[in-house]
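Colleague: I would be grateful for a close look at one part of this model, namely the sheet and the helices described alongside it. Please take me through that part in a connected account.

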Amino acid sequence: MSSPTPAPEIIEQNGQKLALVATIKTVAANREFQNNVNVVQQQRNDAVDLKKRLDQALTAGEKDALQKRLDEILKSLDSNNAIMVKTYGFSLLRNYVISFVKTRLFTPLNDEEFAKLPPEEKAKPDSIKTIEGKVYAYIASIDGIAENDIFRQNVQLVQTQRTRLVQLKQALDKTTSDEDKKKLQEEFDKSETVLKNNNDEMVKRYGFSLIRNYLLEVEESRLYTALSDEEAKKANTDKPEAPAEAPVANQN
């Protein structure tokens, strides 16, 4: 007798039950997944745009040409979406949440910075990588879903604070009222101090700073699909098809 199929992992997020449909475990596989998602999402956008143009077309010739193109895109989209379902349990017809389990941070180096690196540092595996002619240096790994969520929240926080600082500076430059200028300057100084402290903490924890760009590589992620109430009840007996790595979706 065969053993029963284990139920999928179920988590709850913001009151919504989610079922794990895929775990993507390498940088290349995560990059492949995102590329494939981009392809099917772009095809869907193209189909929506073509449908609008078709509805507005005035001549029979224009309508025929647009309909032919629309049919081609929909056929390719259906095929690519079927591959995504089979490979990852991902479909454009469902809502998804992706959780990052393990990521690596790199920062770009200019020629002078690269030249100053010790030879032993350059020789370390995965310490240096070159993408499209640009050199990046490894600065940190972030392990764990909670840790990755916190990192992204912190990045968003300091970016928002920086945007607010720019807005305050612009307001300071425009105001002619001494009273308003004093209030704005006080808020600017306070915001600048908070941002500096937060940015210093980001540098200390991750090697990440707002004054530099960075590259984030996803090494492992988990893909969850949102469940309806009925699906959540059946989750203990039903299991999504096991995922496998897939070829790049056709972009036609």
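**Helix pairs and the sheet**

Modeller: In this predicted model, I begin with helix 5 (residues 145-174) and helix 6 (residues 178-206), whose axes come within 9 Å and cross at roughly 155 degrees. An angle over 145 degrees counts as roughly antiparallel, so helix 5 is roughly antiparallel to helix 6. The crossing of helix 5 past helix 6 is left-handed. Sorted by class, the residues of this contact are 15 nonpolar, 6 polar and 7 charged.

A second helix pair lies earlier in the chain numbering: helix 1 covers residues 27-56 and helix 2 covers residues 60-88. The axes of helix 1 and helix 2 are 9 Å apart, and the two pack at an angle of about 155 degrees. Helix 1 is therefore roughly antiparallel to helix 2. Here, too, the crossing is left-handed, with helix 1 passing helix 2. The contact of helix 1 with helix 2 comprises 14 nonpolar, 6 polar and 7 charged residues.

Now to the sheet. Its 6 strands form an open sheet in the order 1-2-6-3-5-4, and the pairing is antiparallel. Strand 1 (10-13) and strand 4 each have a single partner strand and stand at the edges, so one side of each is left without a neighbour in the sheet. From one strand to the next, the twist averages 40 degrees. Helix 5 packs on this sheet, where it touches strand 3 (96-109), strand 5 and strand 6 (215-226). The direction of helix 5 makes about 60 degrees with that of strand 3.

The edge at strand 4 deserves a closer view. Strand 4 (residues 128-131) runs antiparallel to strand 5 (residues 134-143), and 4 bridges join the two. In general, strands of a sheet pair through backbone hydrogen bonds, either parallel or antiparallel. The hairpin of strand 4 and strand 5 has 2 residues between the strands, and in it Glu-132 takes a positive phi near 50 degrees. Ile-131 stands opposite Lys-134 of strand 5.

Lys-134 itself is partly exposed, at 41% relative accessibility. Apart from neighbours within four places in sequence, Lys-134 is in contact with Pro-108 and Lys-129. Pro-108 is 26 residues from Lys-134 along the chain, yet their C-alpha atoms are separated by 7.1 Å.

Ser-127 lies in the loop between helix 4 (119-123) and strand 4. Buried means under 20% relative accessible area, so Ser-127, at 4%, is buried. Not counting residues up to four places away in sequence, Ser-127 touches Phe-106, Glu-121, Tyr-136, Ala-137 and Tyr-138.

To draw the part together, helix 5 meets helix 6 in a left-handed crossing and also packs on the sheet. At the sheet's edge, strand 4 is joined by 4 bridges to strand 5. By the hairpin, Lys-134 is partly exposed, whereas Ser-127, in the loop leading to strand 4, is buried.

Technical notes
Residues numbered from 1 in each chain as written. Predicted model: local features only at pLDDT ≥ 70, side-chain atom pairs only at ≥ 80, totals over all residues. Heavy atoms only, no water. Axes fitted to C-alpha atoms, helices over the stretch in contact; angles between N-to-C directions. Parallel < 35°, antiparallel > 145°, perpendicular 65-115°, else oblique. Left-handed = near helix turned anticlockwise from the far one by under 90°. Nonpolar A, V, L, I, M, F, W, Y, C, P; charged D, E, K, R; others polar. Pairing = 2+ DSSP bridges. Contact = heavy atoms within 4.5 Å. Buried < 20%, exposed > 50% of the residue type's maximum accessible area, 1.4 Å probe, protein only.
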